[in-house]
Amino acid sequence: MALEDYRADMLRCTRCSYCKWVPFDQMKSGKFAKGCPSVEYNRFQPYSAGGRLAAALSLLEGRSSYTERFVDIAYNCLLCGSCDVSCKVCRYNIEPLRAMQELRFKLVEDGQLLHQHKAVIDGLRKEHNMLMKPGAGRGKWAEGLKVKELTKEKAEVAFHAGCRMSYDGRLQGIARIAVSLLQKAGVDFGIMGENEFCCGGRAFHMGYRTEFTKCAEYNIGAWTKAGVKTVVTSCSDGYHTFKRLYPEVGSNFEILHMVEFVDRLIKKGAIKFTRTVPMRVTYHDPCHLGRQGEPYAPWNGKEKKIRGQIVVYEPRKPRYNGAWGVYQPPREVLKAIPGLELIEMERIKEYAWCCGSGGGVKDAYPGFSAWTARERIEEAKSTGAEAIVSACPWCESNFSDAVKGNAMEMKVYDVMELVQQAL
Amino acid sequence: MPDRRIELAQIVGNNNLWDDPKALEAYSHDQSFALSIKPWFVVKPKNTDEVQWLVKWANQTRTPLVPVSSGPPHFHGDTVPSAAGAVIVDLSGMKRIIRIDRKNRMTLVEPGVTYGQLQPELAKEGLRLTTPLLPRANKSVVASLLERQPTLIPKYRWSLPEPLRCLEVVWGNGEILWTGEAGVPPRSLERQWEKGLAQVDAKGPAETDWHRLVSAAQGSMGIVTWASIRCEILPRVHRLFFIPAKNIDDLIDCAYKLLKVRLGDEFLLLNNVDLACILGDGTESIKRLKEELPPWAIIIGVAGRDILPEEKVEVQVNDIRDIAQQFGLCLMPAIPGARSGQVLGALLQPSGEPFWKLGYKGGCQDIFFLTTLDRTPEFIKTMYSLAAVFTYPCSDIGIYIQPQHQGVAHHCEFSLHFDPSNEAEVAKVKEFFTRASEELIKQGAYFSRPYGVWANMVYNRDAQSKALLNGIKDIFDPNHVLNPGKLCF
Amino acid sequence: MALSKETYRALEDIVGTENISDDPALCDSYAFQWLAETVRPNRSHFMPRPVAALVPGSVEEIQAIVKTCNRYRIKVKPYSTGWYFYGAPQKDGDDTVQLDLRRLNRILEIDEGNMYAVIEPYVVATQLQAELIKVGLNCNIIGAGASTSVLASATSYSGGGPGTIWMGHNSESLLALEWVTPRGDILRTGSLGSGAGWFCGEGPGPSLRGICRGARGARGGMGVYTKCAIKLTHWPGPAQFDIEGTVPAYRTPIPDNFRVYSLAFPSLAAFAKAYYRIYDNDLGYIFHSQFNMLGGDLGPAFWIMYNDPTKTLNDIEEIAQKPEVKKLTEEMRRAFQIILAGRSLRDIEFQDKVLDQILAETGGWKVGRMTEPDLAEFTYLYLSRLGHKHLNMVYAGGYSGTWNQPGTPDYTIQYRPLAEAQLRAEQQSGLLVQAGGDSMMGPGSTLGGGGNASFEQFVSYDPADKESVNAMKQCMRNSMKVATEHGFPAGHVVPYVQIGMTDEQLHQQFAKANQPLVYHLQRKIKELLDPNDIGDRMYSWLPDSKDSQPG
């Protein structure tokens, strides 16, 4: 696909502004009514999905050209997909999130880069991670764990730690918990250790399609070689990348997030909690596990019209609108923990407010990223919860930074950490 | 002024022109404290053309015109000339009820049509108009609505100018405009009716609500020569109840709740003085009733107008009773000194003679303004404090609170009764009236219809509105021929 | 055109560097507007590009901007949520700065007892409603739906919707108002100007409220409305909608004191009679002929499809062909939706009885499929919140309303068959969506308490297809032609078409209007309030030379 392929989407946008808000039926207050962090933070119209499509149309029509502002418009967005869900409350034939993603591809192809992204991508090219860390240290998180290395042994299940958990000292424990849970459940699994590559998802979202493809091809090849059938990860970015993006590169592994895996184990009785965790918590749906975590469905078709001008697709096109994301498993796991009280925030599931970490924003626009996280912590606080729980190291990392940076009172956990406490 | 007389006679005819002292005297003063200035002529136009010619003539001759629609007594000084050499344009002769449309519940009338004239005709068609509190029988319906007088049924008042809809206006520059829906084609009422239109919507045409510019203008912007008005269905079952209380504070929360859920048709709060004036017959009778009646009461009418009227009334009464009980109050068909039927009968008719405000002492001056219900006790307190200062008996102050615009705004009216033949008393009441008005305005009472001395008090606090209103006045009445000296003009 | 450096700097000094931009693409995103393609050269989707966009943060900043624009003779075009081509700069060659009011987004006050809220321009209807229902209050959400600015609909645009019969038209509910006039003065109307609070918009004396908005508002052409109070009404429902169902088919349980019906009638005469009987009996919390906006032939199939989240538009034909859907389609040819809300259970039971009697009198019926829980709960939420209103764009992204002449029910049903025949004929080309000739949607009343209705013919087209856009333009023209040939005003598309006219064409049209005086008087008002012409022609007027009113 190319940006030009989304020209019709741009022309069919009615600038209704649904993309700026949570779905209106779900609006519970004036305060937490906004859905799009980008336009809220950056204020001007082109920082919304509709506005971005209009700016892109302006570019395609030669009405404007690349400027510093244009580049900012394209990159200053979390690609969280809130706009996509709200748009599709009323639309079946427009893809704002994909169009915005395609805009980034075009910018990268045209050399319109952010230097902050470039540094990260250079790191990825050299060291295969997004944190600009040496590749050699990637497997250290698993030191001392008796776990198969998939470069040496075969296993049906691969546990993918991901960049953030591999390198972030605060979060490595989550990967270790995951491993111990898999071990307790008697799963035949392995890790790639030092040879694990970044999933490539974050490069994809920054607009670096080639780098993403390289990561995907490497990981798919490695898993295939190790006889892997199922990939499990605790990282929602990784989950989305494997589940939704890899199939386009030829992957057909079963992809599970740890919360799904643990949910299954609890329901099967393979995990039993023995300790109470007396805590009021609220759950934050990671964008890439929630609304963007819907199952992949292959499609290679084209637009056609029925009844004169109704725009449909031949064959029927899969509809990604957040309806079928992974929402219940993490909640089921939390509800199963004795003593733990789960309180919902106003914006949840398909219309959750983003943590602020995605879309390359954390790297290029740290102020925006921190503001987005702070907004979410405020929302969490408004529920009376003492902790915000997520299922993604990027969310947890960004929330922790926001809490620390703003001296806010809120504990931040991954679901797995609470599971561990209850065992 | 022989020339002017001739010119006026050419417009309205000799039979509709008066300049004899007795006639002029009648129009030179009213019940208010307004300065008495005699007009030079009184004319009674018969149709829009004559009104338009009069206005054009006034522009040519720079003659002040003072429009009057209702019969006497007048109370606010707005129909008394504020400039010398004025011609009274008495519209009471334009009395045609042009149309009554039952299906669309609209009537279209000329400005001389009075409540006393219109209500029986509407009743024949199964309709009625929501009225002010006991209007005098000769009160012009159009004038009452144009002046945004409060009406008794707040739930049917979706906007403050309701139920006034479309107008024909002769502006102060002589141009004629049809406002609202009537202003869109075809420009013929008959053809509009043939199409099924009924001049229902007051808005526009275009980006301006023209009817709002003549409302509460005291005839200073334009002269309305017909108006369409929304009617209500004549009730088939109609009852009335009281919710009495010792203090108004005890009624406020209950009133809010009832208004919120739009219970009650007629809905007003009266103190014992005003209710006694309505029911009493002469000074002694009113005095006696004042003592007998509870200090305060919500008066609430309940109507069944169309399908299942009895049941509708029953459902509403039960709901009202439940709500009253929640506030520790009782819904009663009678209170000491007043019975349901007696009060309902009074509310549904124009006032008897003398006008109900004049029955107690012969003279009465009102102070009225808009506010919110929760603020009324503080204004009452102010009035009572000032009454003490002026040695005016608090027990003689009538108080009427009328929810408007579905309960968002409340008309609050204090009636100061006095003996007009007692000069000292008149002077005292005048002083009390002026001082109280000033204090209430300072306190946040909104004098939305600033008659007489109120005009300066109000507009001096709102310079921006005053400046813009003057600019607007210059557009519609560039020579300031219409009722000069009123408002901020 | 571009702003001079001096002007840019003057404006930048007011709002700060981060709140102004003249970047071409950024400004183009303001110029991009729905319906632009029907009036712009080469069917462009862009209205004239503003020379800069500003995001002011206070009334003081706005006043300073307006004064600066007077100094430099720059036009000012404010918008709240900014949907519609009305909201963009109107004329090529005008130097216009776009004021995006999104930072004025506060609900300043909700007065529960006195039933009003004080709001800023960027408070959208659902935000306000979400706060109001917590305290048992509600606001009218206009037909354009949940995403609209309440202040804008009350002051500047249309203000009717499904709830208007109970809650009033938003122009009726407009109380006091704060207005930065094009001269840069701040006017506070009604009680606010007297320092008495927000509760009243009229007076003192003649209401300046009358020049703030009429049948329509100035749509950003006459200064900036920065705050207003809006009258609220009772909400006897839950403090929060508990949403069930899967996106997009959200629904919510219907409380015991509510009833939700789609009512259908054997003829248009019976349909109109029902309107009158509903008015006469004070029925209807929500009353709207809503669901046929997606076409008399296809609407029911669409709603069934929409309520199954596994389905897409690809499935609509198959659904439409099902015998039960075909039957439903015929059943709902002349239908509307009504929601009754009782202040008590005895009240709702009584209302139900009255409605049954009206149905007996008119030969109408409750559409069975629409009272089944899934669709009834969907209808209840949909019409209470209007959060799916942009489904009128669902088929291909393009929609324009035609017809929509307001009047009594008896009046409106006269043009309905004309509109139906006209659209069916237009659809033959295949360049418009073929959803049926009758897509007439409209509120049960355009005024509080009933009395007036209107029906807007929803025509869908593909804005990405130039031939389809052309067909839409033709359809708009034809709707005016057919209407006027049959003695009706040209209707809803007139102000749409006027956007594409030159000043001269526009003035010729005003000069031929029923009362050209209206436009002459408005010129004088404009001269008073906007001597430097910094507003645009959304506030309509006739130049002096076109005098045609005999006076």
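This dialogue reads two features of a predicted model: a strand in chain A and a serine in chain B.

User: Is strand β6 of chain A, residues 279–283, enclosed or open to the outside, and why?

Analyst: Burial is judged from relative accessible area, and under 20% counts as buried. In β6(A), 4 of the 5 residues are buried, so the strand is largely enclosed by the rest of the structure.

User: Which strands pair with β6(A), and in what sense?

Analyst: Pairing is read from bridges, with at least two needed between two strands. Strand β9 of chain A (residues 340–342) runs parallel to β6(A) and is joined to it by 3 bridges. Strand β10 of chain A (residues 387–390) also pairs with β6(A) in the parallel sense, over 3 bridges.

User: Which residues stand opposite Val281(A) and Tyr283(A)?

Analyst: Val281(A) faces Leu342(A) of β9(A), while Tyr283(A) is set opposite Val389(A) of β10(A).

User: Turning to chain B, where is Ser415(B), and is that residue buried or exposed?

Analyst: Ser415(B) lies in strand β19 of chain B, residues 409–418. Its relative accessibility is 0%, so Ser415(B) counts as buried.

User: What polar contacts does the side chain of Ser415(B) make?

Analyst: A polar contact requires N or O atoms within 3.5 Å. The side chain of Ser415(B) has one with the side chain of Asp366(B) at 2.8 Å, and another with the side chain of Lys357(B) at 3.1 Å.

User: Which residues does Ser415(B) touch, leaving out those up to four places away in sequence?

Analyst: Besides Lys357(B) and Asp366(B), Ser415(B) touches Asp274(B), Cys364(B), Gln365(B), Asp396(B), Ile397(B) and Gly398(B).

Methods. Residues numbered from 1 in each chain as written. Chains lettered and ligands numbered in written order. Predicted model: local features only at pLDDT ≥ 70, side-chain atom pairs only at ≥ 80, totals over all residues. Heavy atoms only, no water. Buried < 20%, exposed > 50% of the residue type's maximum accessible area, 1.4 Å probe, protein only. Helix = DSSP H or I, 4+ residues; strand = E, 2+ residues; numbered from the N terminus. Polar contact = N/O pair within 3.5 Å; in protein donor to acceptor, adjacent residues only side chain to side chain. Contact = heavy atoms within 4.5 Å.
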